[in-house]
Amino acid sequence: MNVNKIYPWYFSSGAIVLYLLFIVAPALLGIYYSFTDWNSYSSEKNFIGLEHFRTILAGDPTYLLFIKNTVLFTLITSIAKTVLGLFLALLLVSGVKAANLHRMIIFSPQVLSFLIVGLVFKSLLDPNNGFVNVTLRSLGLDVLAQNWLGSLTWAMPSIMAVDTWKGMGYIMVLFIAGLLAIPRDYYEAASIDGAGFWQKLFRITIPMLMPTITIATVLNITYGLRVFDAVYVLTNGGPGNATDVINTAVYSSFAKGYWGLGSALSTILFVIMAIISFFIIRLMNRKVEY
Amino acid sequence: MRKRFLLSIAGVLLLSSLLLAGCNSGDSSEGSGKVTLTFGTSQSGIPRTGIMQTMAKEYEQETGVKIDFQVVPDAQWRDLIKVKLASGEAPDIFNVDVDPLSMPANVRPEENAIDLTNEEFTGRMSEEILPTVSYKDKVYGVSFAPSKIWYVYYNKRIFEELGIQPPTSYAEFKAISQKIKDKDIIPFYQAPASGWYQVLPLFETGPNYEQSTPGTYEKLNNNEMKVADLTQLKTVIEQLKEFADLGYFGKDFLSNTVEAGIEAFGQEKAAMLLRVPGTEKEVSEAYPDMKDNMGFFVMPWGDNQTIGVNPGGSAAMFGNKNSKHPEEVLKFFRWITEHDHLQRVFDGGEGNLTICWPEIEPKLTQDYIDYEKNHEKGTVMQAAVKYIDPQWMDIGKDLSGMFAGAMTPDQILQNIDKRRAEQAKVLKDDAWQ
């Protein structure tokens with residue numbers, strides 16, 4: 001037996017067994033269940049083909065709303081986290097005082113559970129006694145006080161804002177690492193050539209940061225598509241179904257005992273993520289030339 | 001080398017099997033050999049006073065059997081217990097809100113619950129509660145619940161100051177609400193953030209629909225009519241929306257929770273509140289100024305004047321058939337249903353005035369007795385019409401959507417019918433085939 005060929009398998013065998021057992025097998029089972037009428041009211045599992053997929057994609061407009069909400073949430077929070085993360089990173093590497101302290105403060109929400117963050121923001125955004133509205137009213141800005149989590153207009157933007165606040169610190173740290181890896185020589189040469197701040201930003205910083213931006217985008221998109229806790233804690237999908245996303249619908253289907261339907265929703269989410277990941281991986285593999 | 005490799009593989013497989021065994025471990029015994037019974041319940045499934053926990057500690061001292069309470073918020077428990085039962089991870093004792101229509105589907109008693117039919121205590125429970133904890137002539141649950149009635153409680157002082165009387169029609173209800181609102185007091189406390197509370201007016205007034213068109217419940221159960229055809233129900237939904245739009249629930253009421261209702265009512269920020277008998281005790285204990293300041297009337301949405309009675313609807317305890325300690329579960333049930341212990345549960349609760357054990361003297365005041373004498377009674381819709389109760393939280397969500405402007409009353413009714421059809425299909429109900 002060729003030991004060199006076996007050795008990589010030998011080292012990874014444990015991880016492979018666990019991965020197959022806890023990730024691949026349940027995923028495959030989930031896909032199988034999405035083609036059945038499996039539910040909590042009976043021990044039977046009958047194969048029903050694409051019926052659940054037809055219900056989700058063609059039969060019930062509510063599910064399309066959940067898909068739309070998920071995509072919208074992903075798109076907006078990804079852009080917001082990337083832009084704000086980059087802005088903060090640029091600020092903190094530009095020689096601002098107490099940069100490490102600021103970095104720690106901005107990053108700290110990342111280590112908190114969304115349950116805690118959500119409960120805190122639920123209290124802050126309470127329309128009657130919440131800090132946000134009380135402050136606005138005390139400043140005479142009553143017109144700006146809103147029912148942040150209870151109105152159709154503000155509920156989704158509020159969730160997006162809280163999620164962005166929580167997640168931008170992590171993206172900022174990635175960008176700081178990327179910025180510190182850019183050789184100073186480029187900036188010095190550009191300064192000698194008379195380049196200004198914006199020219200340096202768009203001609204040096206952003207192109208050199210492209211690999212980091214790609215990683216940040218992948219992380220933001222995969223997180224955004226999987227969002228559940230932010231919505232569940234802050235609005236539970238309400239008012240009505242206004243802020244429901246795919247994963248809250250999955251939770252709701254499973255909770256009601258409609259497990260086949262919940263599995264079908266998860267499968268659709270899996271397919272969406274697989275397609276997006278495919279394109280992002282292709283993008284990442286492209287060579288960046290300067 | 002090869003030997004080491006094989007040993008390593010064997011080690012990995014052993015680790016995996018240990019992990020799997022760990023995942024499957026649901027043993028509720030402690031290492032010392034002492035038995036611990038897990039007791040899963042929603043928040044409102046046991047008295048908020050903590051009397052059950054106190055009694056469980058005494059039971060532990062007496063018998064050495066510990067009861068470990070796992071209390072979950074109401075909105076999550078209904079769903080969570082279903083998943084736990086299906087995955088075989090349900091607690092040794094579990095509470096489920098029961099009614100005769102949905103209990104069999106929600107609990108699947110033949111598979112999940114210990115048969116209590118031959119226990120001495122089942123013969124002492126009231127006849128009214130037995131159908132809600134029974135299936136195919138077998139008794140599976142133990143309940144302490146009273147027959148539930150929801151009244152509108154009002155602040156007598158505010159009513160007297162404004163010269164207004166308890167309403168007997170929707171028009172009167174609206175008129176007094178406007179007068180209260182004009183005094184900068186919230187006329188009626190509504191709590192959509194809790195998910196279920198705003199649904200009560202729709203189905204607690206069900207006897208009104210049945211009395212005006214006898215046979216309505218039966219037609220709905222036989223799928224001979226749709227919920228969307230219930231014009232009176234639509235009227236109630238429209239009136240709730242009107243109340244919201246007119247500001248009678250207060251500003252930004254969508255964030256209100258049921259728990260905060262007692263505070264709003266006790267501090268006289270809200271003049272009316274939908275609650276169950278016994279509310280006077282709970283409110284006056286927290287707000288002594290409110291003592292003797294509370295009256296009640298039947299909810300007048302849709303001009304309803306009938307008292308809606310839910311014979312079940314509250315939590316009942318079930319013993320997990322797949323528990324490792326079924327005998328200990330039975331022993332606990334026998335202990336807690338001894339006469340003196342029942343009395344303690346009743347007395348130590350947060351204010352229920354009745355309990356479903358005839359041997360325990362009810363505490364209904366003359367006001368309630370007289371009121372019930374002067375009004376007709378009927379069974380609420382969720383206890384008499386199939387597939388209403390299981391979608392309670394969904395309807396709550398739809399109503400919140402309507403208050404926020406995202407849905408119309410017609411859409412809410414259509415959604416109710418759609419979800420009824422979904423569940424009937426899952427349960428292979430002949431009437432929907």
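The following paragraphs describe chain A of a predicted model and selected residues of chains A and B.

Chain A contains 12 helices and zero strands. Read from the N terminus, its order of elements is therefore α-α-α-α-α-α-α-α-α-α-α-α, where helices are counted as DSSP runs. Along the principal axes, the C-alpha atoms of chain A occupy a box of roughly 75 × 75 × 30 Å. Of the 290 residues in chain A, 42% are buried. When contacts in chain A between residues at least 6 apart in sequence are considered, 65% of them link residues at least 24 apart. The exposed surface of chain A amounts to about 15,800 Å², and 70% of this area comes from carbon and sulfur atoms. Chain A carries 18 positive and 13 negative charges, and the mean positions of the two sets are 7 Å apart.

Two kinds of UniProt annotation, both from an unreviewed entry, apply to chain A. The annotation "domain: ABC transmembrane type-1" covers residues 67-280 of chain A. In the model, this span is 74% helix and 0% strand, and its end C-alpha atoms lie 20 Å apart. UniProt also places the feature "transmembrane region" at residues 7-35, 71-93, 105-125, 167-183, 204-225 and 258-281 of chain A. One of these segments, residues 105-125 of chain A, is 67% helix and 0% strand, with 21 Å between its end C-alpha atoms. Another, residues 167-183 of chain A, is 82% helix and 0% strand, and its end C-alpha atoms are 28 Å apart.

Thr74(A) is part of helix α3 of chain A, which spans residues 61-93. With a relative accessible area of 5%, Thr74(A) falls under the 20% limit and is therefore classed as buried. Apart from neighbours within four places in sequence, Thr74(A) is in contact with Asn220(A), Ile221(A), Gly224(A) and Leu225(A). For Gly224(A), the backbone oxygen lies 3.4 Å from a polar atom of the Thr74(A) side chain.

A cis peptide bond joins Gly238(A) to Pro239(A), with omega near -5°. Pro239(A) is located in the loop of chain A between α10 (229-234) and α11 (246-256).

In chain B, Ala75(B) is placed in helix α3, residues 74-87. The relative accessibility of Ala75(B) is 33%, between the limits of 20% and 50%, so this residue counts as partly exposed. Once neighbours within four places in sequence are set aside, Ala75(B) is in contact with Ser194(B) and Met393(B). Gly349(B) is 274 residues from Ala75(B) along the chain, and the C-alpha atoms of these two residues are separated by 21 Å.

Positive phi values at residues other than glycine were found in chain B. Glu268(B) is such a residue, with phi near 60°. Glu268(B) is situated in the loop between α12 (259-266) and β9 (270-275) of chain B. This residue is partly exposed, at 28% relative accessibility. Lys428(B), also not a glycine, has a positive phi near 55°. The position of Lys428(B) is in the segment that comes after α18 (409-426) of chain B. At 44% relative accessibility, Lys428(B) is likewise partly exposed.

Notes:
Residues numbered from 1 in each chain as written. Chains lettered and ligands numbered in written order. Predicted model: local features only at pLDDT ≥ 70, side-chain atom pairs only at ≥ 80, totals over all residues. Heavy atoms only, no water. Helix = DSSP H or I, 4+ residues; strand = E, 2+ residues; numbered from the N terminus. Buried < 20%, exposed > 50% of the residue type's maximum accessible area, 1.4 Å probe, protein only. Contact = heavy atoms within 4.5 Å. Areas by Shrake-Rupley, 256 points an atom, 1.4 Å probe, with all protein chains shown as cover. Lys, Arg positive; Asp, Glu negative; His and termini not counted. Charge placed at Lys NZ, Arg CZ, Asp CG, Glu CD. UniProt positions renumbered as here; feature names shortened; annotations may be inferred. Polar contact = N/O pair within 3.5 Å; in protein donor to acceptor, adjacent residues only side chain to side chain.
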